[in-house]
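Me: I am new to this structure and would like a close look at one part of it. Could you walk me through the aromatic rings and what surrounds them?

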Amino acid sequence: NKVLFMFDIIHTLLENPLFKENVKFTIKSFKKDHKLLAQGELHSDVYVLLEGTVQISNQSKYPKAKLYSHIVNLSGNEIIGEFGLFDDLPASANVIAFTDIKVVEIDIPSFRTFLENNPQIGYTILLSTLKTLVNRLRTTDELILLHY
């Protein structure tokens, strides 16, 4: 399971002394309806959802689309805000707690530095993130085809 793979990797990292020493991270809990990420706003953290469910939605730039479009709900063991590992652009969607949630909040700049300085771990993390993104893209493609 690709999702559990990322979950297992993060849990292994949380026990890694080098990770703990070099990467800023915290485990946080949020109540239902908390906005974790806001579309169009810069963010400096990536999250791993440990418990609960978040709803991903976006505000369309196109006049004929609904004002807010629900994309997907993600449950525990998912990575959120992962685009920030690859670019320094604002969040591409809103991420709102659909239930009470618990996350690992990881500082992107210190995480990037850690991944660069530890290429074997970096490769594993980036490969797992890429697999997650590809899986989400395939699911999105199927949903788009259902609407045509």
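Reply: Happy to; here is a walk from the aromatic rings out to the core and the sheet around them.

A word on the basis: this is a predicted model, in which local features need pLDDT of at least 70 and side-chain atom pairs count only at pLDDT 80 or more, while totals for chains, interfaces and linings use all residues. Residues are numbered from 1 along each chain as its sequence is written, and side-chain values use heavy atoms, with hydrogens and water left out.

Searching the whole structure gives three aromatic pairs. Rings of Phe, Tyr and Trp (its six-membered ring) pair if their centres lie within 6.5 Å; planes under 30 degrees apart count as stacked, over 60 as edge-to-face and the rest as tilted. Phenylalanine 19 and phenylalanine 111 have ring centres 5.9 Å apart and planes at 90°, so this pair is edge-to-face. It links distant parts of the chain, 92 residues apart: phenylalanine 19 is in helix H2 (residues 17–22) and phenylalanine 111 in helix H3 (residues 108–117). Helices (H or I, at least four residues) and strands (E, at least two) are DSSP runs, numbered from the N terminus.

Phenylalanine 19 also pairs with phenylalanine 114, with centres 5.5 Å apart and planes at 85°, so that pair is edge-to-face too. Since phenylalanine 19 lies in H2 and phenylalanine 114 in H3, the pair ties together parts 95 residues apart in sequence. Phe19, Phe25, Phe111 and Phe114 form one aromatic cluster.

Next, the surroundings. Phenylalanine 19 and phenylalanine 111 are both buried, meaning under 20% relative accessible area (exposed is over 50%, partly exposed in between; 1.4 Å probe, protein chains only). The largest nonpolar core has 18 residues, and Phe19 and Phe111 are among those with the most contacts inside it, along with Leu13 and Ile106. Such a core is a set of buried Ala, Val, Leu, Ile, Met, Phe, Trp, Tyr and Cys residues joined through side-chain atoms within 4.5 Å. Helix H1 (2–15), S3, S8 and H3 each give two or more residues to this core. Beyond its neighbours within four places in sequence, phenylalanine 111 is in contact (heavy atoms within 4.5 Å) with residues including Leu13, Phe19, Val46 and Ile106.

Finally, the sheet. H3 lies across strand S3 (45–51) and S8, at about 65° to S8; axes are lines fitted to C-alpha atoms, for helices over the stretch in contact, and angles run from 0 to 180 degrees between N-to-C directions. S3 and S8 belong to an open, antiparallel sheet of four strands in the order S1-S8-S3-S6, where two strands pair if DSSP finds at least two bridges between them.
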